[in-house]
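Reader: I should like to learn how to read the features of a structure that is new to me. May we go through them one at a time?

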Amino acid sequence: MPPRSDSKALLALPATYAKELLGPLLSASTKLDIAKSALFYYFLVIYTRKAYWHLRARGILASVKDVYVLVSQFVVRLVLRLPSMQQKVSTEMGKARLDIENKLVPKGPNVTRHLTLPEEGKPLEWIIAEMEKMDIELNGQKGIWNEGKLSGAVYHGGEDLQKIITTAYDRYCVSNPLHPDVFPAVRKMEAEIVAMVLKIYNAPASGVGVVTSGGTESIIMALKTYRDWARKTKGITEPEMIVPASAHAAFDKGAAYFNIKVHTVPVDRFTRKVDLKHVKRAINPNTILLVGSAINYPDGAQDDISGLSALADKYGLGLHVDCCLGSFIVAFLEPAGLANGDAKGKYKLSPFDFRLKGVTSISCDTHKYGFAPKGTSVIMYRTPELRRFQYYVNPGWTGVSKLPSLAILTGTNHCVKAAYTQVPVSLDLGTSSTSFFSFSRAVLKNVTSRISETISPGALIAGTWAVMQHIGYQGYLESCKNIVLATRKIADAITSDIPELYVLGDPPASVVAFASKHPKVDALEVGDAMSRRGWHLAGVNQPPAVHIAVTRLTVPAVDAFIADLKDAVQEAKLAPSGLGESSAVGPEMVGEIATAFLDTLYKA
C-alpha cells in the first residue's frame, strides 16, 4: 500500500492535467466574461445618461405624470378587453362612424355615385352641371365658406384675385417645373417668390429658400435638413429637438418620419409662451434644433423668439421659427404700426425674423395670408450651406448613368435626386453643356390633415407669383391692418363684455382663443352653440378652449361674431348638454375616431 503522501499526489494528477488542458478555454471564458461585463456597463452608462437627459428635460413631476398616464392607459386597455366593455365600445364606435358618415357622405336616391369610368367621355357642360349638383348634395347649401364664418380654412383674397389665379393657372396648367429649360418663366417665378418672401422676413444677403406644397412640407423638410446637418457636422446619430407644447403637429409628424426624439416643453399658462428655463434644461449633446412659433395655431400666441435665439446661438443649435400661420400678417405688423400693441400695451409682437442672430430657418405659408392658391409655402434658410442638407443626392441610382467625379465638367449626362425636387438643369460651364435628367418631386402624404402634399406644380407657382404681384406691399399692409384690428376687437369684446370667458395669452396677430373662467360654462359647449349659429370654429385643449383665425372674409362679420358669442355663452350656461366632459376612455379611443374620420373621406 503506497504511503498517504503518494496517494494524495496521485489523486492530484488528474486535476493538474485537467487544468493544463482546460486552461486556455478557462482563460477565454474569463475574457468573455470581462467583455460581457464591459458591454453591460457600456450600455448601462449610455442608457443612464439618456434617462438623466430625459428626466432633466421633462422634470420630476412631469415624468411622474407620464408614468401615471402610461399606467392609466394600460389599465384602460385591460378594461376594454373585457367582453362586456368590448361590446359597449364596439357599439359606441359604430355610432360614431355612422355619425361621421352622415355628416360627410351624401345619401339618398338623388345622389349619383361615379364609381367607374364612363363608357364615353362627358362634355364640359355635363361636368359643370354635375359639379353644381355635387356642391349641394350633402346639405342643400353651397358657398357657405364665403360668409365669413369659418376659422381660417379659406384665405380668400376676393373675386379679383380669384380671376387672377385662374388666369395664371390656365396659362401654365401643363407646365412642369422639372423642366426649367422648357418652362423658363415658371423657374423664374419660383425663384422670385422665394426672393420676395425672404425680403419681408429680413433675411441676410446669404438667405435662400425653397417653394413647397404647404406648411407641413416646409416643416418636414426643415427637420430633414437639420437631421442631416447635425449628422454631417456634429456626428449626431440619435438627434433630439425641443418644441413648445403649442407647436404645430407637423413637427411631431416629421420627427416620426426622420427618427428624431422630441422633447415637448410646456408653455406658460398665462403668457402662452414656451418656458425658456425648461428649454435650457432640455438641451443635451444630442440636441439639434429648437422650435418657436410666431404665431402658434392653438391660441395665436408668439413664443419668445429672442430668448430662443440666444439659446440657439450659445449652444450652436438650429432655430426654426414657424410662421406658417403668421405668414403675411406678422411680417407686416411692424410696418403697419401695430407691432407695439394697443394703447394699453396689449398685443405686442416681439422680434422673430432673421434679424435675430440665432434664427436659422423660417417657414411661411403663402397660401394663407398671402392669399396665394392652396398648396404653396416657402421654407427659408439663413445660408445656402444649410439648405444643401435638404437635398437628397443619389448618383448611384439605376435611372442615371454612372460617372466619374469630374463628369459634370465633360458634358456627360448626370442625375441629382433631391428630397424636395430633382431639378433638370442645363449648365453652361464655358466648355460644355451638361443636362441633368429629371426625376420626380417627392410626395409627402399628410395623413393627419388629409392633404396630399407634393411640391407645387407650375400652375400654382404662377398663381402665387401673380397674386403677390397684384396685391403688392401696400396691399398686404392694408390687409394686415384690417385683419389684426378685427382680431383685437374680438379679443377686447371677450375681455370687457363676456365675463364668463377669458382670452388665452396676449395674441398679437390674427388668431384669438377663449376659454371659460365660469364653473358652469364649458368653452367647448360654447363652441358647439356657435356651430349651431353657423360658425365653424376650432376646439383646442390644455386648457379646453375655442379659437378663431380671422381672415379677410371675417372682417365684415366681426360684430355678428361677438353678438353670437354672447348668446352662445348664455345658452351653454343655462342649458348645458354635458358633451364637453371627457373620460379616461376618450383619449384612448381618439385614434380610432380619427381613423374612422379619415376612412370616411375616401368613401365614394
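**Reading the features in turn**

Author: Isoleucine 295 is found in the loop between strand 4 and helix 10 (305-315). Please bear in mind throughout that this is a predicted model.

Reader: What is the peptide bond from alanine 294 to isoleucine 295, cis or trans?

Author: Most residues other than glycine have a negative phi, and most peptide bonds are trans. The bond from alanine 294 to isoleucine 295 is cis, with omega near 15°. A cis bond also leads from glutamine 542 to proline 543, with omega near 0°. Proline 543 belongs to the loop between strand 14 (538-540) and strand 15 (545-549).

Reader: Which sign does phi have at asparagine 202?

Author: Asparagine 202 is not a glycine, yet its phi is positive, at about 55°. This residue sits in the loop between helix 6 and strand 1.

Reader: How should one read the open sheet, and what is the order of its strands?

Author: Strands of a sheet pair through backbone hydrogen bonds, either parallel or antiparallel. Here the open sheet has seven strands in the order 1-7-6-5-4-2-3, and the pairing is mixed. Strand 1 (208-212) and strand 3 (261-265) are the edge strands, each pairing on one side only. From one strand to the next, the twist averages 20°.

Reader: In which sense do strand 5 and strand 6 pair, and over how many bridges?

Author: Strand 5 (residues 318-323) and strand 6 (residues 361-364) pair in the parallel sense, over four bridges. Valine 321 has isoleucine 362 in strand 6 as its bridge partner.

Reader: Which strands does helix 7 touch where it packs on the sheet?

Author: Helix 7 (residues 215-234) touches strand 1, strand 2 (240-244), strand 4 (287-293), strand 5, strand 6 and strand 7 (377-381). The direction of helix 7 makes about 25° with that of strand 7. Helix 8 (residues 249-258) also packs on the sheet, where it touches strand 2, strand 3, strand 4 and strand 5. With strand 2, the direction of helix 8 makes about 165°.

Reader: What unit do strand 2, helix 8 and strand 3 make?

Author: Together they make a right-handed β-α-β unit. Strand 2 and strand 3 run parallel and are joined by five bridges. Methionine 241 stands opposite valine 262 in strand 3.

Reader: Let us turn to pairs of helices. At roughly what angle do the axes of helix 6 and helix 13 cross?

Author: The axes of helix 6 (residues 184-200) and helix 13 (residues 458-497) come within 9 Å and cross at roughly 50°. Helix 6 is therefore oblique to helix 13. Their crossing is left-handed. On helix 6, the contact is made by Val186, Met189, Glu190, Glu192, Ile193, Met196 and Val197. On helix 13, Gly458, Ile461, Ala462, Thr464, Trp465, Met468 and Gln469 take part. By class, this contact has nine nonpolar, three polar and two charged residues.

Reader: Is the crossing of helix 14 and helix 15 left-handed or right-handed?

Author: The crossing of helix 14 and helix 15 is right-handed. The axes of helix 14 (residues 523-532) and helix 15 (residues 558-574) come within 8 Å and cross at roughly 125°. Helix 14 is therefore oblique to helix 15. Glu525, Val526, Ala529, Met530 and Arg532 in helix 14 meet residues of helix 15 that include Phe561, Asp564, Leu565 and Ala568. The residues of this contact divide into eight nonpolar, no polar and four charged.

Definitions and conventions:
Residues are numbered from 1 along each chain as its sequence is written. This is a predicted model: local features need pLDDT of at least 70, side-chain atom pairs count only at pLDDT 80 or more; totals for chains, interfaces and linings use all residues. Side-chain values use heavy atoms; hydrogens and water are left out. Axes are lines fitted to C-alpha atoms, for helices over the stretch in contact, and angles run from 0 to 180 degrees between N-to-C directions. Helices (H or I, at least four residues) and strands (E, at least two) are DSSP runs, numbered from the N terminus. Angles under 35 degrees count as roughly parallel, over 145 as roughly antiparallel, 65 to 115 as roughly perpendicular and the rest as oblique. A crossing is left-handed if the near helix is turned anticlockwise from the far one by less than a right angle, and right-handed if clockwise. Contact means heavy atoms within 4.5 Å. Ala, Val, Leu, Ile, Met, Phe, Trp, Tyr, Cys and Pro count as nonpolar, Asp, Glu, Lys and Arg as charged, and the others, Gly among them, as polar. Two strands pair if DSSP finds at least two bridges between them. A crossover is right-handed if, with the strands pointing away from the viewer, the path from the first strand over the helix to the second runs clockwise.
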